[in-house]
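Subject: Structure for your files, with notes on what was found

Dear colleague,

Please find the structure below, followed by my notes on it. I would be glad if you read the notes with the coordinates open beside them.

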Protein chains: 2
Amino acid sequence: MVTIYEVAARAGVSPATVSRVLNGAKVSAESERLVRAAAAELDFTPNRTARRLRGQHSAVIGLIIPDIENPFFTALARGVENRARAAGFSVVLCNTDEDPDREATYIDIALAEHMAGVILAPADDASDVSRLVAHRRPVVAVDRSLARADVDAVTVDNRAGGRSAAESLFAAGFTRVACITGPSSVETAQLRMAGWRQAAARHAGEDYLEDLLRYADYRVDGGRAAMAELLALPEPPDAAVVANNLMAAGALDALHDAGLAPPGFGLAVFGDLPFASFGRRGIRVVDVPARELGEAAATLLLERIGGDAGPAKTVVLRTREQR
Amino acid sequence: MVTIYEVAARAGVSPATVSRVLNGAKVSAESERLVRAAAAELDFTPNRTARRLRGQHSAVIGLIIPDIENPFFTALARGVENRARAAGFSVVLCNTDEDPDREATYIDIALAEHMAGVILAPADDASDVSRLVAHRRPVVAVDRSLARADVDAVTVDNRAGGRSAAESLFAAGFTRVACITGPSSVETAQLRMAGWRQAAARHAGEDYLEDLLRYADYRVDGGRAAMAELLALPEPPDAAVVANNLMAAGALDALHDAGLAPPGFGLAVFGDLPFASFGRRGIRVVDVPARELGEAAATLLLERIGGDAGPAKTVVLRTREQR
DNA sequence: GTCCTTGACGAAATCGATTTCTTGGACTTC
DNA sequence: GAAGTCCAAGAAATCGATTTCGTCAAGGAC
């Protein structure tokens, strides 16, 4: 690697002057010319490691997500990256596989790498960001919020989304609207279910609620199994709210096996089914604005990195129902 | 941040001794005890930036991909990450959006960040890795190979995959098998098409080939448009080989609009349609082993990082046809 | 002509961990 | 008891960029 000293030697100036040229401080036109020529000839790229060590700041933000193969999180990552890039930051994407240990490891790495900040889609409510907070490293929780109150968060209005999904199915004439939600330990799963419960209680009374509620795991197989169970009931549902995209893919599978499909069987889903546009007809999609979520989180984080020390905020984005 | 000096002061030893304890060099049991106690009390984490500057090595590998929202690349990323993690490396994921400028920027960053190596899924054949090679930084091309011969690559046997996809459609009794492939500037698109062409020429003669071949852009809309065009022909195809998953989603859409669907219309696709299991019935999938591709690339890269200086190799994985 | 300001720029300190060199004490060996 | 060996551990150099501080010269004011 070419260093600043070699450039300085070649240009016949001191390393300090080279640094000044690189960072836009005042130098004579002649020095600048010499330095730029030398740098170009030697193909010099400043060593970011040295720069970071000296400057204590890193221009890297960490994005920790539970599942890189879930399109929701990749869309979110896209949003974060767009904003970060525009501000001159790079993004390090870390995939935890919903494993709290891996999450903890990545948080430690973020700390030790002196990343400028971290955006975390928590694996579960108990995610421990105390070390980041203790070291004053900016953190933003996204999608799910954290138990502690002193951390910024960006979420969507899951309860309202769940409610409107269920409402629209009732409005379309369905009478037994089931719910397949995520793990009970996960906030979004609880809230989406709560929205459904509210609408269902209003339209159909409290009595059938427990029968038609299933907790699954936010994955394809879980959705398939839950739907199969529901269809095997003595009084099966005629519609369902499904709390994420992966489970919906599984649920559609199970419906298909039973000779059913939307729009005959009502289906409302949280989040888009990206590569299934052909099979999506007749499905009501609650649009979770993943990319916007990422953008909002990045914006918030960049403000904090910029020095904003105001009290923690939570930004809640609205869901929107498509078709 | 707590530094090694503070730990040393607290333990009553020199920083050198603290470093020795951390890195497993010889120290007396007593010193070790003191240092560990001090480090624990102060919640000390060694500064990776300083460590990297001194050691010149980074334990970070860069993974540059053209589209983070394509499940093929996320699966590949998963494979890379698994291997890298097992070897103690972290992975920085960079998304270029198929833009050669962004790719070049990320390559520069990889260089300046002193990453241990780079795995690149090239945006196109002209991707310029010369700076990496010039600086002896290990590079592995994945999915698509590069024009230059001195860079390791991991690819799949695209031609064989294309051929067997087409063969299996002919074997199933289809007679007019079309092909929707990617941009003509992209190697994989050319090879997959070439495989189809070979099979088609054998089964149906050369004459209809040009009619039934469409170049698109490897994206959903391109696939939809290409299929719509094919269906509007005076003599439309009764089956098609589609060169990637995204275009297949679009093609299925177009088929649906025309009242067609597999298995009545034969469809063979390169790569899985991850969230469309329900709609995938009757489709022949050429399984592109994305995760294995990532694992192989990471393995190769780690060998190079480990010092393997043998001549460049290309690893070709076989595709497999599912159902 | 002298004093003061201004500005460019070099020397050297700095960031935090690693590593080489050196030192000094304990232990052998004859 | 003197000389030699071994080893733990401290002092200081090192990685490469940034930044403070100080110097020197040119230009302006009176």
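Which residue in S10(A) is the bridge partner of Phe270(A)? The partner is Val286(A), and this bridge belongs to the pairing of strand S9 (residues 266-270) with strand S10 (residues 284-287) of chain A, which runs in the parallel sense over three bridges. Please bear in mind throughout that this is a predicted model.

The sheet in chain A

The wider setting is an open sheet of six strands in chain A, in the order S7-S6-S8-S9-S10-S12, with mixed pairing. Strand S7 (213-215) and strand S12 (320-322) of chain A stand at its edges, and because each has a single partner strand, one side of each is left without a neighbour in the sheet. From one strand to the next the twist averages 15°. Helix H10 (residues 220-231) of chain A packs on this sheet, where it touches strand S6 (177-181), S7 and strand S8 (239-242) of chain A, and its direction makes about 155° with that of S6(A). Helix H11 (residues 245-257) of chain A, for its part, lies across S6, S8 and S9 of chain A and runs at about 150° to S8(A).

How the two chains are related

Chain B is superposed on chain A by a rotation of 180° with 0.1 Å of shift along its axis, the RMSD being 0.1 Å, and that is the relation of a two-fold axis. Both copies use the same surface, in that 100% of the contact residues of chain B recur in chain A. The contact draws 41 residues from chain B and 41 residues from chain A. On the side of chain B that touches chain A, at least two residues each come from helix H4 (48-55), helix H5 (71-86), strand S2 (90-95), helix H6 (100-112) and helix H11 (245-257) of chain B. By class, that side of chain B comprises 21 nonpolar, twelve polar and eight charged residues.

The surfaces near the DNA

Around DNA strand C there are 28 residues, of which Ser14(A), Thr3(B), Ile4(B), Ala16(B) and Ala50(B) come nearest. Two or more residues of this surface are given by each of helix H2 (15-23) and helix H4 (48-55) of chain A, together with helix H1 (4-11), helix H2 (15-23) and H4 of chain B. H2(B) gives the most, with six residues, and by class the surface near DNA strand C has 14 nonpolar, nine polar and five charged residues.

DNA strand D is surrounded by 29 residues, and the closest are Thr3(A), Ile4(A), Ala16(A), Ala50(A) and Ser14(B). Here at least two residues each are supplied by helix H1 (4-11), H2 and H4 of chain A, together with H2, helix H3 (29-42) and H4 of chain B. The most come from H2(A), with six residues, while the classes are 14 nonpolar, nine polar and six charged residues.

A single residue in chain B

One further position is Pro236(B), placed in the loop between helix H10 (220-231) and strand S8 (239-242) of chain B. Is Pro236(B) buried, exposed or partly exposed? Pro236(B) counts as partly exposed, because it has 17 C-beta neighbours inside 10 Å. Leaving aside residues up to four places away in sequence, Pro236(B) touches Leu230(B) and Leu231(B). Leu212(B) is 24 residues apart from Pro236(B) in sequence, and the two are 8.2 Å apart in space, C-alpha to C-alpha.

With best wishes

Key
Residues are numbered from 1 along each chain as its sequence is written. Chains are lettered from A and ligands numbered from 1 in the order in which they are written. This is a predicted model: local features need pLDDT of at least 70, side-chain atom pairs count only at pLDDT 80 or more; totals for chains, interfaces and linings use all residues. Two residues are in contact if their C-beta atoms, placed from the backbone, lie within 7 Å. Helices (H or I, at least four residues) and strands (E, at least two) are DSSP runs, numbered from the N terminus. Ala, Val, Leu, Ile, Met, Phe, Trp, Tyr, Cys and Pro count as nonpolar, Asp, Glu, Lys and Arg as charged, and the others, Gly among them, as polar. A residue is near a molecule or strand if its C-beta atom, placed from the backbone, lies within 6 Å of it. Two strands pair if DSSP finds at least two bridges between them. Axes are lines fitted to C-alpha atoms, for helices over the stretch in contact, and angles run from 0 to 180 degrees between N-to-C directions. Copies are superposed by least squares on the C-alpha atoms of residues with pLDDT of at least 70 in both. A residue is buried if 20 or more other C-beta atoms lie within 10 Å of its own, exposed if 12 or fewer, and partly exposed in between; C-beta atoms are placed from the backbone.
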